[in-house]
Amino acid sequence: MTKVVIIGSGIVGSSIAYELSNYPQFDIILIDANNPATGSTGAALGVFMGIISRKKRGRGWRLRESSLRRYITLIPELEKLTGISIPSNNDGIVKLLFSSEEMGIYEKLAQARSRKGYELNIWQPQVLKDYCPEVDTSSVAGAVYSPNDKQINPTILNKALVKGASLRGVQCLFGEKVEKIASINNRQDCREIHLKTKTLSADWVILATALGTSDLIKSLGSNFTVNPVLGQALLIQHKNWKHKVDFNPVINGNDIHLVPIQNNEFWLGATVEFPTEETLLMPDEALLIKLHQKAISFLPSLENASIIMSWTGKRPRPEGKPSPVIEKLGDYSNIILATGHYRNGILLAPATAESVIEMILQ
Ligand SMILES: Cc1cc2nc3c(=O)[nH]c(=O)nc-3n(C[C@H](O)[C@H](O)[C@H](O)COP(=O)(O)OP(=O)(O)OC[C@H]3O[C@@H](n4cnc5c(N)ncnc54)[C@H](O)[C@@H]3O)c2cc1C
């Protein structure tokens, strides 16, 4: 059996563990210093900006396309295997467009998607008003609607992936921080995973460690860094939200998502806050208020919604490399980085797992 140690049980590590557990030749251990879904994944909104994203070709589009394809089968498969029901919004995403120039860009994108068999609909303001009566259409030029993009609860999905992996034989070690990974005799492969109380051996080491990546690879001579970008979001309740019967999609405007969940509740987010040299990464309350105000400018009745709570999370953003980073670490033959998913880790987790498995099987 080939021993694979996956470090990090967020959405990325747990997706890799689950998909790899389909191959009988691997003996898999999934390790995390904390519990699953307590890192970046636990803060995410779970919106898949896939077909509606402006990526048309290259790696960015390929990863999106293969993730979207896998998600269609993955969710029912996981629900059946684990008995966990994974909440999702399958009404698609409506992205508000604020100028005729933007309308033109998305008209062209809709044509490009249509050539590949994907649907994007361009809505003039009166159509938008009919489908989304809460939008103040005087402030927009129109909208683009993507019926096949969706939103999913990332925490529950993460837990289902871990349960599914474990049911298929993956050994899970949670509450165990990896202190160091080490090569033997200075060779360019890594065989030892040092935990506080024990050392594990491995044929392959997968680092799905997001913001923990830089610390772990320093001792292997790498100065690649993954930096935090903070996001704040709100849980709000809006008892008089108007929507069409059986149609309550995610609405996106000016990079803000309004995600209907249940019981007239919504997630609203998220801010994008970069660390500066002077400040530690502390949530800036003014930015959260600004986010709420911006949303009110196109969804005016949000003014009367009650704020139930707010939360923050840190997105893992790679420095000097495009996101996400899925590659071997430097000259090491058996260490794979699966990290730095920044704003799209929930969407890109299945494609990441596919790429990592391809590298191992090669
Ligand atoms: C507010 C917010 C909103 C977001 N919205 C979306 C969205 O709508 N759609 C989307 O696709 N993405 C979204 N994201 C981004 C998404 O959350 C991340 O890209 C994704 O969660 C990254 O997953 P991960 O598994 O790499 O990281 P994580 O979930 O952070 O998991 C990494 C794990 O590694 C463990 N670890 C690290 N170092 C060690 C070590 N030395 N030993 C043991 N364990 C270790 C950590 O404990 C952690 O559990 C959002 C993020 C935020 C903050």
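I started by fixing my terms: Ala, Val, Leu, Ile, Met, Phe, Trp, Tyr, Cys and Pro count as nonpolar, Asp, Glu, Lys and Arg as charged, and the others, Gly among them, as polar. I also noted for myself that this is a predicted model.

**Entry 1: around the ligand**

With those classes in hand, I sorted the shell around the ligand, and its residues divide into 19 nonpolar, 19 polar and 5 charged. Next I asked which of the 43 residues around the ligand come nearest. I found G10, G39, G212, G231 and G345. Then I looked up the elements that give two or more residues to this shell, and they are α1 (11–20), β2 (26–32), β13 (226–237), β17 (306–318) and α8 (345–361). I wondered which element gives the most to the shell. My search ended at β17, with 4 residues.

**Entry 2: helix α2**

I moved on to α2, which covers residues 58–82. Why do I find its end C-alpha atoms 35 Å apart? I reasoned that α2 has 25 residues, so at 1.5 Å a residue it should span 36 Å, and the 35 Å agrees with that. I did find a kink in α2 of about 35°, centred on Y71. Y71 turned up again when I listed the buried residues of the helix, which are L63, R64, S67, Y71, L74 and L78. I remembered that an α-helix has 3.6 residues a turn, so residues three or four places apart point the same way. For the cover over the buried residues of α2, I noted that it includes α5 (154–167) and α8. Just after α2 I came to G83, whose phi is positive, near 75°.

**Entry 3: helix α5**

Since α5 had come up as part of that cover, I looked at α5 next. I counted 14 residues in α5, and its reach from first C-alpha to last is 20 Å, close to the 20 Å expected at 1.5 Å a residue. Which residues of α5 are buried? I wrote down P154, L157, N158, A160, L161, V162, G164 and A165. I saw these buried residues pack against α1, β2, α2, β7 (151–152), β8 (171–174) and α8. As with my α2 entry, I checked what follows the helix, and I found G169 with a positive phi, near 100°.

**Entry 4: a hairpin**

I finished with strands β18 (residues 325–328) and β19 (residues 335–339), which run antiparallel and are joined by 4 bridges. I picked out V325 and found it opposite T339 in β19. The two strands form a hairpin with 6 residues between them. In the turn I noted G330, which has a positive phi of about 45°.

Terms used: Residues numbered from 1 in each chain as written. Predicted model: local features only at pLDDT ≥ 70, side-chain atom pairs only at ≥ 80, totals over all residues. Near = placed C-beta within 6 Å. Pairing = 2+ DSSP bridges. Expected span 1.5 Å × (residues − 1). Bend = angle between axes of the 7 residues up to and from the residue. Buried ≥ 20, exposed ≤ 12 C-beta atoms within 10 Å, placed from the backbone. Contact = placed C-beta atoms within 7 Å.
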